[in-house]
Amino acid sequence: MKNIRVRFAPSPTGALHVGGARTALFNFLFAKKYGGRFILRVEDTDLDRNQEHFLTEQLTALKWLGLDWDEGMDKAGEYGPYRQSQRLDVYNQYAQKLLDSGKAYYCFLTDDELAHMKETSQKEGKPFRVKSPYRNWSQEEAKKKQNVKPVIRFKMPETAKNYVVDDVVRGRVEFPSDMIGDFVLIRSNGLPVYNFCCAVDDALMKISHIFRAEEHLPNTLRQLIIFEALGWASPVYGHLSLILSTDKKKLSKREGALSCLEYKEQGHLPSALNNFLALLGWNPKDNQEVFSFSELISKFSEKNLNPAGAVFDENKLKWINAQHIRSMDYKEFWKMLQPLLDRDKINLPFLNNESLKEKSFHSLKSSFSTLKEAVEVFRFLSYDYFKIDDSVKEIFEWSHTKNLIQLWKEELEKVKTEYISLEDFKNIQNSIKTKLNIKGALLFKPLRAVMIGQVEGLELKAIIELIPRETLIQRSNQLLSQMC
RNA sequence: GUUCCCUUCGUCUAGCGGUUAGGACAUCACCCUUUCACGGUGAAGACACGGGUUCGAGUCCCGUAGGGAAUGCCA
């Protein structure tokens, strides 16, 4: 394929949610796969709903996901500007062209009149299609009527015909042109309407392929009509399945849809979110589930996109995230975790020791599936954190607990090194085991309690070498004082 | 109402006329483990329904039902 140019066209009316991210991802993958360009165009023609901070947030989210654009907003390119609010003269120019060729007209219909027309046709049981009384007015006639600001409407031809989209995802889709009436191109405030500026920009920016959500499928008809009227060839379309919430409805913020940055907040890796999102509506046909970002690019094919809606399953996302964490390099892991530790003021004793950093990551990585969970795991290993969980009360009832902790403390005091080695730990365990004649949970629950303040949780062998001896002794004292 | 889209285990999906309908998440069981996890093995679990076409249909066609979208001076 040649001259592949795709775009992601967000409107800054909210956060970048997972559906938008997936659309951006597929466009990105398609561009990278075929050596094309990924363009970011901002569709900010809705003055009432646009907010600049949403735009900033969306760009941050896209960059976090690694979906950086080659051309567009804040990057150079020969088809700019890439913000629709800065291209109003362009839209006016093409609207004028349609006006001049008699394919569009000024319309003075008010909202009330429109509502009335709609009501009437509903009463008659007929589908409502706007057909304005002004559609045959000349531009000169319209100019004389200066008291009302007109909109510019497209003049639908009298005779209906079918428009065909050869959709990459859905195959051939046909729309009868009489399913719509004369639609608005330019609003009375002078700003263009989505279907118009989208078509104009896609043509002018030489967009070759458009992957977008299924909800845009019916819009394609209007865009096709605009392309035809302006004598342009239309791009190739692919309408992606919807992402649904658990109740099978379209995912929306209200129903629990989260923005990408919220997933970041929950401790998901961008590579994992991309991986998971890619599997919603696309599959590699070979049972592979876990993909690195570069594998996603090399294995992606628009032919393997599927048309059915997909439910967003947090469980699977979490599992994929766990897989990505496990395959991380330890340096990369600590780099990502550090800001989260700092935020919670968690001070880990072993972080100045490179080999302990490596060891701790590898021995503990299977006990968390998100960075946030990792924070909770490593919190137990910080100098000053020792919180005795309610569940520990269980072992306070046991007659041997106090002795056990005393013995543990004594054994620790015998050790001369800063940290307890795994071997020392095994010896201490066995010594306690023999002296008190206990094993299993009777041994491990109190030990875990005295080490991390909980009776269940981390593998003790994995953490013993990460907590300084002094800290362990302190914790023993704290637990003992709790018992009294 | 009209137009368009969608429909395989609870969930994501493979399947493109002949399969014991495959994989993954979740669930459950067992194994590993002196505890908890991790891991391993296994079990249970699906072709929305009804008609055709065909020797044969999850697969092709037509209906029905269910879900969704559009029908905006939102995108």
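Let me start with Glu214, where an N or O atom in the side chain lies 3.2 Å from a sugar or linking oxygen of RNA strand B. Please keep in mind throughout that this is a predicted model, and that each distance I quote comes from its coordinates.

Two further contacts go to phosphate oxygens of RNA strand B: a polar side-chain atom of Lys285 is placed 3.0 Å from one, and for Val311 a backbone N or O atom lies 2.9 Å from a phosphate oxygen. If we ask which elements give two or more residues to the surface near this strand, the answer is β7 (171–176), α7 (219–229), β12 (310–311), α11 (314–326), α17 (422–436) and α18 (441–452).

Stepping back to the whole of that surface, there are 62 residues around RNA strand B, and those that come nearest are Arg170, Arg187, Gln429, Arg448 and Gly457. Sorted by class, the surface has 25 nonpolar, 15 polar and 22 charged residues. Which part of the RNA faces the protein, sugar and phosphate or bases? Of the atoms of RNA strand B within 4 Å of the protein, 70% belong to sugar or phosphate, while the rest belong to bases.

Let me turn now to the sheet that begins with β1. Here three strands form an open sheet, ordered β1-β2-β3 and paired in parallel, and its edge strands are β1 and β3, each of which pairs on one side only. Taking the pairs in turn, β1 (residues 5–8) and β2 (residues 37–40) are parallel and share four bridges, with Arg5 having Arg37 in β2 as its bridge partner. The connection between these strands passes through helix α1 (residues 18–33), and β1, α1 and β2 together make a right-handed β-α-β unit.

On the other side, β2 runs parallel to β3 (residues 71–72), and two bridges join them; within this pair, Ile39 stands opposite Glu71 in β3. Helix α2 (residues 52–65) completes a right-handed β-α-β unit with β2 and β3.

Some backbone details deserve a careful look while you have the structure on screen. The peptide bond that joins Gly80 and Pro81 is cis, with omega at about -5 degrees, and Pro81 lies in the loop between β3 and α3 (88–100). Positive phi values are also found in residues other than glycine: Lys206, with phi near 55 degrees, is in the loop between α6 (194–204) and β9 (209–213). Asn287, which is not a glycine either, has a positive phi of about 70 degrees, and its place is the loop between α9 (270–278) and α10 (293–299).

My last topic is empty space in the protein. In general terms, rolling a probe the size of a water molecule over the atoms shows where such space is left. The second largest pocket holds about 340 Å³ of space. Which of its 19 lining residues are closest to the centre? They are Arg129, Val130, Lys131, Ile180 and Gly181. As for the character of the lining as a whole, the residues divide into eight nonpolar, four polar and seven charged.

To return to where I began, the three contacts to RNA strand B that I would ask you to look at in the viewer are those of Glu214 with a sugar or linking oxygen, of Lys285 with a phosphate oxygen through its side chain, and of Val311 with a phosphate oxygen through its backbone.

Notes:
Residues are numbered from 1 along each chain as its sequence is written. Chains are lettered from A and ligands numbered from 1 in the order in which they are written. This is a predicted model: local features need pLDDT of at least 70, side-chain atom pairs count only at pLDDT 80 or more; totals for chains, interfaces and linings use all residues. Side-chain values use heavy atoms; hydrogens and water are left out. On a 1 Å grid over the protein atoms alone, a cavity is a set of points where a 1.4 Å probe fits but cannot get out, and a pocket is an open set with protein on both sides within 12 Å along at least five of seven lines; lining residues have an atom within 4 Å of a point. Grid points are joined across faces, edges and corners, and a volume is the space filled by probe spheres set on the points. Ala, Val, Leu, Ile, Met, Phe, Trp, Tyr, Cys and Pro count as nonpolar, Asp, Glu, Lys and Arg as charged, and the others, Gly among them, as polar. A residue is near a molecule or strand if one of its heavy atoms lies within 4 Å of it. A polar contact is a pair of N or O atoms within 3.5 Å; within protein, one must be able to donate a hydrogen and the other to accept it, and residues adjacent in sequence count only if both atoms are side-chain atoms. Two strands pair if DSSP finds at least two bridges between them. A crossover is right-handed if, with the strands pointing away from the viewer, the path from the first strand over the helix to the second runs clockwise.
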